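Here is a short set of exercises to work through with the structure open beside you. Try each task yourself before reading its solution.

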Amino acid sequence: MLVQSFSAVAFLGLAQLADASGSPSTGHRRTASGGQTMNLVRSAPNSNQWTTQQWGHWAKTQKSSLEAKYGGASGAGVKKRATGTNAIINQIGDSTYFGSLAIGTPPVSYNVQLDTGSADLWVAGSNCTTDCSGMATFNPSSSSTFHNESSSFSVSYGSGQAAGFLSQDVVQMAGFEVQNQIFGVCEQVSSGLLTEPVSGLLGLAFQSIASSGAPPFWETLVTEGAWDEPVMAFHLTRYLNLSGVQTLEPGGSFSMGFANTSLYTGDIDYVNLAVTGSYWILPITSISVQNQSINAPSGDQAYAAIDTGTTLVGGPSSFIAEIFKQIPGSAPGKDDFKGYYTYPCDTNVTVALSFGGRTWSISPADFRLTRLTKDECLGAFFENTVGGRAPAWIVGDTFLKNVYSVFRYSPASVGFAELSAVALAQNGDANAAVPSATIGSSPSSVSATGSMLPGRHKGAGIKIGQGLLYATTVSLLIMIASVHCVLL
């Protein structure tokens with residue numbers, strides 16, 4: 001079952017990130033090895049002691065935040081390093097996963113959420129005036145390679161906004177470097193948008209949906225030939241079903257330029273993107289619940305964004321209702337749980353999805369978001385009512401924890417593989433240490449030679465309509481903590 005106690009102290013007591021000569025302090029047990037490896041950590045709340053009212057508030061904000069997210073709208077290689085790994089951190093019991101990168105000269109490290117559902121990089125700036133205390137912020141004057149692009153930048157989403165300006169500087173991650181990466185420096189951040197130790201967000205979707213109009217960091221690396229293979233891959237850990245889970249736990253890994261064969265078995269089952277050049281969109285071709293197939297969606301109703309920045313799974317109301325119809329005793333949620341479903345806690349639910357290739361099952365531990373009462377549990381699938389041009393389905397970490405996922409640039413596709421025993425052993429490992437950031441002593445360096453998309457770079461008031469579910473999730477969690485917990 002999901003751990004239900006959230007400690008605001010654990011969030012607010014985290015140490016700030018250090019500069020490149022050191023690592024962000026996590027207060028955990030083990031550090032990552034040097035060189036190309038940077039550990040990912042996933043953000044998740046301790047939820048063992050949440051009330052039904054608190055879970056309702058969280059669930060309502062999750063749904064509205066996702067809808068806001070999707071409802072808005074050749075290099076000079078110095079030393080080519082073919083592959084790199086960024087170790088991830090799992091935050092607040094599988095709620096979010098983040099990694100680290102470094103900006104500037106000399107490089108300073110920052111924690112950023114890794115989000116395949118958006119395409120912009122932004123961090124809080126040192127002149128941030130709203131809700132940026134206690135986290136690492138970017139100081140332009142501390143970098144000798146910083147350049148102000150003199151363009152306004154703003155991020156808008158369901159629960160707030162971040163605003164600032166576009167800039168250009170050296171960005172490093174796991175042994176790779178882009179010399180002139182465009183990113184946002186945010187000076188105004190809505191309350192709760194960023195939570196220590198996370199300082200920003202790294203978008204991993206395609207340039208066409210970047211509000212800045214700039215080539216994303218990952219896309220520059222792959223198009224400039226810095227990677228051995230045009231792929232990036234995720235292994236995400238599971239901690240939500242354990243008691244005593246910490247606010248920060250080891251989150252798995254984010255690999256660039258290769259798929260880590262120690263983390264999966266068998267072949268990677270690739271499926272070509274249904275829509276290219278925007279989100280990582282696959283068609284859902286089959287759905288089964290408790291080994292019983294339901295009618296599969298078709299056309300646009302089948303399109304699913306594979307999104308590491310989303311915690312749960314959202315889909316069209318009729319299909320979500322059909323999924324829960326197969327679970328005896330399930331019922332639509334009410335009030336803050338509207339759009340969700342509850343079901344009897346003594347039922348282990350297995351949902352399986354296919355995207356045109358193999359069928360992949362979701363563990364009952366991931367399908368159960370939390371226990372609301374002794375007998376009533378909340379499901380991790382909810383109604384996605386965004387509409388418009390947004391994908392009908394948003395497939396997030398509830399699914400992705402159950403597979404090794406590979407995002408391939410060319411041919412444009414997403415692949416899944418069965419997790420290996422090595423990967424599965426990392427789930428809920430109480431003895432594992434939260435990783436620390438490493439920048440890499442000799443990064444592979446490229447220049448961003450791609451052009452800005454027209455009409456986005458020089459205009460003021462740029463609005464981002466995608467990619468901030470993590471921030472809004474944490475915003476909600478901190479808001480709950482401030483109301484219901486004693487803050488130090």
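**Exercise 1. Find the backbone oxygen that the side chain of Asn-86 reaches, and decide whether Asn-86 is buried or exposed.**

Solution. Start at the side chain of Asn-86: the backbone oxygen of Ser-100 is 2.7 Å from it. Keep in mind that this is a predicted model. Next, place the residue: Asn-86 belongs to strand β3, which covers residues 84-92. Finally, check the accessibility. The relative accessible area of Asn-86 is 0%, and buried means under 20%, so Asn-86 is buried.

**Exercise 2. Work out the strand order of the open four-stranded sheet, and say which strands stand at its edges.**

Solution. Step one is the order, which reads β16-β15-β21-β22, with antiparallel pairing. Step two is to look for strands with a single partner: these are β16 (292-294) and β22 (359-362), so each has one side without a neighbour in the sheet. Step three is the twist: on average, neighbouring strands are turned by 30° against each other, direction ignored.

Now zoom in on one pair. Strand β21 (residues 351-354) pairs with β22 in the antiparallel sense, over four bridges. Within β21 and β22, you can look for Leu-353 opposite Trp-360. As background, strands of a sheet pair through backbone hydrogen bonds, either parallel or antiparallel.

To finish, add the helix. Helix α4 (residues 317-325) lies across β15 (286-289), β16 and β21. The angle between α4 and β16 is about 160°.

**Exercise 3. Search the whole structure for disulfides, and describe what you find.**

Solution. The search gives one disulfide. Its partners are Cys-345 and Cys-377, with sulfur atoms 2.1 Å apart. For the handedness, take the torsion about the S-S bond: it is about 110°, so this disulfide is right-handed.

Then ask what the pair connects. Cys-345 sits in the loop between β20 (341-344) and β21, while Cys-377 sits in strand β24 (residues 376-379), so parts 32 residues apart in sequence are tied together. Both ends can be checked for burial. Cys-345 has 9% relative accessibility and counts as buried; Cys-377, at 0%, is buried as well.

For contrast, try Cys-186. Cys-186 is in no disulfide, and the nearest cysteine sulfur, that of Cys-128, is 7.9 Å away. The cut-off for a disulfide is a sulfur pair within 2.5 Å, so this distance does not qualify. Cys-186 also counts as buried, at 0% relative accessibility.

**Exercise 4. Locate the cis peptide bond between Thr-105 and Pro-106 and the one from Ser-410 to Pro-411.**

Solution. Begin with Thr-105 and Pro-106, where omega is about 0° and the bond is cis. Pro-106 lies in the loop between β4 (96-103) and β5 (108-115). Move on to Ser-410 and Pro-411: here the cis bond has omega near -10°. The loop between β27 (404-408) and β28 (413-419) holds Pro-411.

**Exercise 5. Ile-92 and Ser-150 are not glycines, yet each has a positive phi. Which is buried and which is exposed?**

Solution. Take Ile-92: its phi is about 55°, and it lies in strand β3. With 0% relative accessibility, Ile-92 counts as buried. Turn to Ser-150, where phi is near 60°. Ser-150 is part of strand β7 (residues 147-157). At 66% relative accessibility, Ser-150 passes the cut-off of over 50% and therefore counts as exposed.

Definitions and conventions
Residues are numbered from 1 along each chain as its sequence is written. This is a predicted model: local features need pLDDT of at least 70, side-chain atom pairs count only at pLDDT 80 or more; totals for chains, interfaces and linings use all residues. Side-chain values use heavy atoms; hydrogens and water are left out. Two strands pair if DSSP finds at least two bridges between them. Helices (H or I, at least four residues) and strands (E, at least two) are DSSP runs, numbered from the N terminus. Axes are lines fitted to C-alpha atoms, for helices over the stretch in contact, and angles run from 0 to 180 degrees between N-to-C directions. Contact means heavy atoms within 4.5 Å. Buried means under 20% relative accessible area, exposed over 50%, partly exposed in between (1.4 Å probe, protein chains only). A polar contact is a pair of N or O atoms within 3.5 Å; within protein, one must be able to donate a hydrogen and the other to accept it, and residues adjacent in sequence count only if both atoms are side-chain atoms.
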